[in-house]
Amino acid sequence: MPDPNELTVLDPATEEIVATVPAATAGDVDTAVARAARAQTRWAAVAPADRARLLRRFADVVDAHTEELAQLEVREAGHTVANARWEAGNARDLLLYAAGGAERLTGRQIPVPGGWDVTFQEPLGVVGVIAPWNFPMPIAAWGSFPALAAGNAVLLKPAETTPLTALRLAGLALEAGLPEHLFQVLPGHGDTAGRALVDHPDVAKIVFTGSTRTGREVMERCARLVKPVTLELGGKSPNVVFADADLQAALDPFSFLDNAGQDCCARTRVLVQETVLDEARALLADALAAVVVGDPADERTQMGPLISGRQRERVRSYVPDDAPALRGKAPDGPGFWFPPTVLTGERHDSPAAREEIFGPVAVLLPFTDEQDAIRLANDTPYGLSGSIWTRDLGRALRVSQAVRAGNLSVNSHSSVRYWTPFGGYKQSGLGRELGPDALAAFTQTKNVFLSTEVPAP
Ligand code: NDP
C-alpha cells in the first residue's frame, strides 16, 4: 500500500527507487497559495524589462544545468538521454521567448467620444499548473514560464511519479534570483494536492495536462468557481499517407514511438492508401525490427521503458498475444518494457483504434481515396495533431483544412515549437499554449475610460 504522505520515484528502466519526496497536503497548498499571492503582488509591480532580465538569467542557469536536468529526466521518466537534453534546451528556450513576451505585452488605445479609452493586460494572480508524467520538464515549463512572464505566481503540481525535474527547476529559479515563493512546486497526489489547487478560491486559473477523464473533472470543479482553465488532453492522431508520398519518411516509426508512445501527439492511427498498404506493412516491419529499445541513459538507445507497471498493464490490455501485429524487440525485466508494435488486424472502430493507448502501439488502417481519408481521420473524439503525406499540394491543402485538429503537419511529423500555438480541438482540450499568444492566456483585459470633459474646478 503506497504511503499517502510520501511519493516514491522509481527508475522505470530498473524499478529501483530513485528518491522519496514528501507529498503536499491540502494544508500545504493553502500555505503555498497565501505565500504565492504575496509574492505575485510584488512581481506584478516589477517593470516588464526587469522581469524579462530575471527570466533571461533563469534561462542561463537552466542552460548551465542542462546535463543535470537531462539525467534527472532519464532517471525519473525513462526518457532517452538525447530527448531529455532536448527537453532541457526547450525549457531554456521557452524562458527566453517568454522573457521577450513580457517586454512586448501591451494594452491598446481605442478611439471613443468624450475621452480616452485604454486597455491593460493585467496578470491573473496565482496560477495552478497540473502536469503529467509523460513530459515532466517541458509541460512544467509550458504552463509555468509564460505565466511568470505575464506577472503571475505559479504553483506547479507535477505527477506523483515524476516530481524531480520540476523541483529542480524551482530550485534553479531561486538560484537565478527569482523572488521567493513566486514559482513553487507542490509534489503530491492528484486527489489531494491536485484537487486542493483546483478548488482553492485564490488560485485564479488552472492549466491542466493529462487524461481527458481527469481534465473533465478539473473543468467541472473549476466551473463551480468560474475559474478559467487551459486543458491539454489526450489524442489519437492520424498519420494520413497517400500513395504518392515519400513512404519511408511518412512511415517513420518514431512518429508513434517517440517517448515510448507516451505522447499525446503520437500518430497512432496510421492511415495508408490501400494501393500501397503492402509496401507500408513491409517498411514498418523493417523499421520496428531496427528500433533500439533499452537503457535510456545509453546514447545509442532510441526508445526507453514505459513509466510504470500500471501503464504497461494498460498498454498490454490492447495487445493480446495472438493479435495480428508487427512487433519489434524489448528487453526482459526488470524495467517496464514493451516492444514497438503495429496492430494490423484492427477495424477503425475497435478500442485499439479509437482509445488513447499511451504506449508504443499504433494501428495500421487502409483508406480508399481523399474523402475516405478525411472521414477516417475525423472519426475520433480527439483532435490534437496529425500528419498528412502527399506530393500533391492541392490535396495537402484540402486535407489539412478538412481535418479537425489543432496541430497538423504536412510532409512532416513535427508538432511542437515553443513559438507556435499548441492545443487541441474536440476532446483534446481547450485553449492554446506556447506561441505568440501564450502570455495573453495568463492575463485579463481591463478597460479604463478617461473623460476629457471634466468641468473646470
Ligand atoms: P491523469 O490525467 O489522471 O494525471 C495528470 C495529472 O493530473 C497528474 O499530475 C495527476 O496527479 C493529476 N490529477 C489526477 N487526478 C486529479 C484530480 N482529481 N484533480 C487534480 N489533479 C489530478 O493521468 P494518469 O497519470 O492517471 O494517466 C492515465 C492515462 O491518461 C494515460 O494512460 C494516458 O492515456 C492519459 N494521459 C494523457 C496525457 C496527455 O498528455 N495527453 C498525459 C498523461 C496521461 P497524480 O500523478 O498524483 O495522479
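Reader: Where in the fold does N152 lie?
Author: Keep in mind that this is a predicted model. Look past the helix α5 (136-149) and before the strand β6 (153-157). N152 lies in the loop between α5 and β6.

Reader: Is N152 buried or exposed there?
Author: Buried means under 20% relative accessible area. N152 comes in at 0%, so it counts as buried.

Reader: Which backbone nitrogens does the side chain of N152 reach?
Author: A polar atom of the N152 side chain lies 2.7 Å from the backbone nitrogen of L124. The side chain of N152 also reaches a backbone nitrogen at 2.9 Å, that of G125. The two residues asked for are L124 and G125.

Reader: What else is N152 in contact with, leaving aside its neighbours within four places in sequence?
Author: L124 and G125 turn up again here, along with P123 and V127. A147 and L182 are also in contact with N152. The rest of the list is Q40, W43 and F442.

Reader: Why is C265 not bonded to C264?
Author: A disulfide is a covalent bond between the sulfur atoms of two cysteines. The cut-off for the sulfur pair is within 2.5 Å. C264 has the cysteine sulfur closest to that of C265, but it is too far for a bond, because the distance is 4.4 Å.

Reader: How many disulfides are there by this rule?
Author: With the sulfurs required to be within 2.5 Å, the count comes to zero.

Reader: And how far is C222 from the nearest cysteine sulfur?
Author: C222 is buried, with a relative accessible area of 1%. It is in no disulfide. The nearest cysteine sulfur belongs to C264, and the distance is 19 Å.

Definitions and conventions. Residues are numbered from 1 along each chain as its sequence is written. This is a predicted model: local features need pLDDT of at least 70, side-chain atom pairs count only at pLDDT 80 or more; totals for chains, interfaces and linings use all residues. Side-chain values use heavy atoms; hydrogens and water are left out. Buried means under 20% relative accessible area, exposed over 50%, partly exposed in between (1.4 Å probe, protein chains only). Helices (H or I, at least four residues) and strands (E, at least two) are DSSP runs, numbered from the N terminus. A polar contact is a pair of N or O atoms within 3.5 Å; within protein, one must be able to donate a hydrogen and the other to accept it, and residues adjacent in sequence count only if both atoms are side-chain atoms. Contact means heavy atoms within 4.5 Å.
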